[in-house]
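Let's take a walk through this structure together, one piece at a time. Keep the sequence and the 3D view open while you read.

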Amino acid sequence: HRELPKPRNGGVGVPCARRPPPSRWFHRRRGSVRVHHAEAAAMPSRTRRTVFTLSTRSGRCAHEATTHAWIARQLATLFEWEYGGEYRPGEAPTDAFFVPDDTLTSAQAAALGIAGEGDLFGGVVPHGFVASKVITHPLPSAGALAPHGWDHGLATRLGDAVLPGFSVFEPADIGPAGLRLLGGGGIRLKEAAARGGHGQYR
């Protein structure tokens, strides 16, 4: 087994959005990590590759860009691969491993040659809106506009797991949706693609 790279400032050695349970991917023993052979298929190939950051959004702050690059470098170190920096269209080798700054659509993944989970550190969805919280709320009415691929029953199945709200896809539906919610108190509008506390209006 191989020792993990030392974390900075007391952080986690492997920068993952969620650390997998020890019983599934990793077996911890005296500060080391051992990969179970049964789970090897879920891990990226051990063939030497080049790790690239992939920017899909504009207007990122310096902190986001720095964190993004740090995660990619840590992955390259962990797998003993090369770090290629920021991806530029047409310049990546065929063995590229991508670390995108956001969830990719299946169309974006196909254009990059991403064939499966072993080709990126991230996720792929069939439609862009599926990667946002907009899928957790129902439409304000049966006739409201919805994008292709919208699951009309998902919000019902989620039930009380989320706060009351509506998802709208055209300006004309905002007013009626807000009026229906005002009976329960103050409301908040939030842009579907907003992050953290940004893009919110009360």
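Let's start with a pair of strands. Strand β3, residues 50-54, pairs with strand β4, residues 82-86, and the two run in the parallel sense, held together over four bridges. If you want one spot to look at, find Thr50, which stands opposite Glu82 in β4. To get from β3 to β4, the chain passes through helix α1, residues 62-79, and this β-α-β crossover is right-handed. Bear in mind that you're looking at a predicted model, not an experimental one.

Now step back for the overall layout. The protein chain has four helices and nine strands. Reading from the N terminus, the elements go β-β-β-α-β-β-β-α-β-α-α-β-β. Of the 202 residues in the protein chain, 28% are buried.

Back to β3, which has another partner too. β3 is also joined to β5, with five bridges between them, and these strands again run parallel. Here the spot to look at is Leu54, which stands opposite Pro100 in β5. So how much of β3 is covered? Five of its five residues are buried, so the strand is mostly covered by the usual cut-off of under 20% relative accessible area. In a regular strand, side chains alternate between the two faces of the sheet. In β3, Thr50, Phe52 and Leu54 point one way, while Val51 and Thr53 point the other way, and all of them are buried.

Stay with Pro100 for a moment. This residue sits in strand β5, and because its relative accessibility is 11%, Pro100 counts as buried. Pro100 and Arg57 are 43 residues apart in sequence, yet their C-alpha atoms are 9.7 Å apart in space.

Next, have a look at what packs around here. In soluble globular proteins, nonpolar side chains tend to be buried together. The largest nonpolar core in this model has ten residues: Val51, Ile71, Ala72, Leu75, Ala76, Leu78, Phe79, Trp81, Phe97 and Val99. Both α1 and β5 (96-100) supply at least two residues each to this core. Which element gives the largest share of this core? That's α1, with six residues. Apart from this core lies another one, made of nine residues, including Phe98, Ala109, Ile114 and Leu120.

Right where α1 hands over to β4, there's a residue to check by its backbone angle. Glu80 is found in the loop between α1 and β4. Its phi is near 60°, which is a positive value in a residue other than glycine. Is Glu80 buried, exposed or partly exposed? With 46% relative accessibility, Glu80 counts as partly exposed, because that value falls between the 20% and 50% cut-offs.

Moving further along the chain, you come to Thr103, in the loop between β5 and β6 (104-105). Thr103 has a relative accessible area of 30%, so this residue is partly exposed. Try measuring from its C-alpha to that of Val124: the two residues are 21 positions apart along the chain, and the separation comes to 5.7 Å.

Another loop residue to pick out is Ser141, which you'll find between β7 (124-125) and α3 (154-158). Ser141 counts as partly exposed because its relative accessibility is 37%. From Ser141 to Ala177 there are 36 residues in sequence, and the C-alpha to C-alpha distance is 8.4 Å.

Finally, let's turn to the empty space. Rolling a probe the size of a water molecule over the atoms shows where such space is left. The largest pocket has a volume of about 1,400 Å³. It is lined by 40 residues, and those that lie nearest its centre are Lys133, His137, Lys190, Glu191 and Ala192. What is the lining like by class? There are 19 nonpolar, 14 polar and seven charged residues in the lining of the largest pocket. Helix α4 (174-182) and strand β8 (189-190) each supply at least two residues of that lining. Of the elements, α4 gives the most to the lining, with four residues.

Notes:
Residues numbered from 1 in each chain as written. Predicted model: local features only at pLDDT ≥ 70, side-chain atom pairs only at ≥ 80, totals over all residues. Heavy atoms only, no water. Pairing = 2+ DSSP bridges. Right-handed = clockwise from strand over helix to strand, strands pointing away. 1 Å grid on protein atoms, 1.4 Å probe; cavity = no way out; pocket = protein on both sides within 12 Å on 5 of 7 lines; lining within 4 Å. Points joined across faces, edges and corners; volume = space filled by probe spheres on them. Nonpolar A, V, L, I, M, F, W, Y, C, P; charged D, E, K, R; others polar. Core = buried A, V, L, I, M, F, W, Y, C linked by side-chain atoms within 4.5 Å. Buried < 20%, exposed > 50% of the residue type's maximum accessible area, 1.4 Å probe, protein only.
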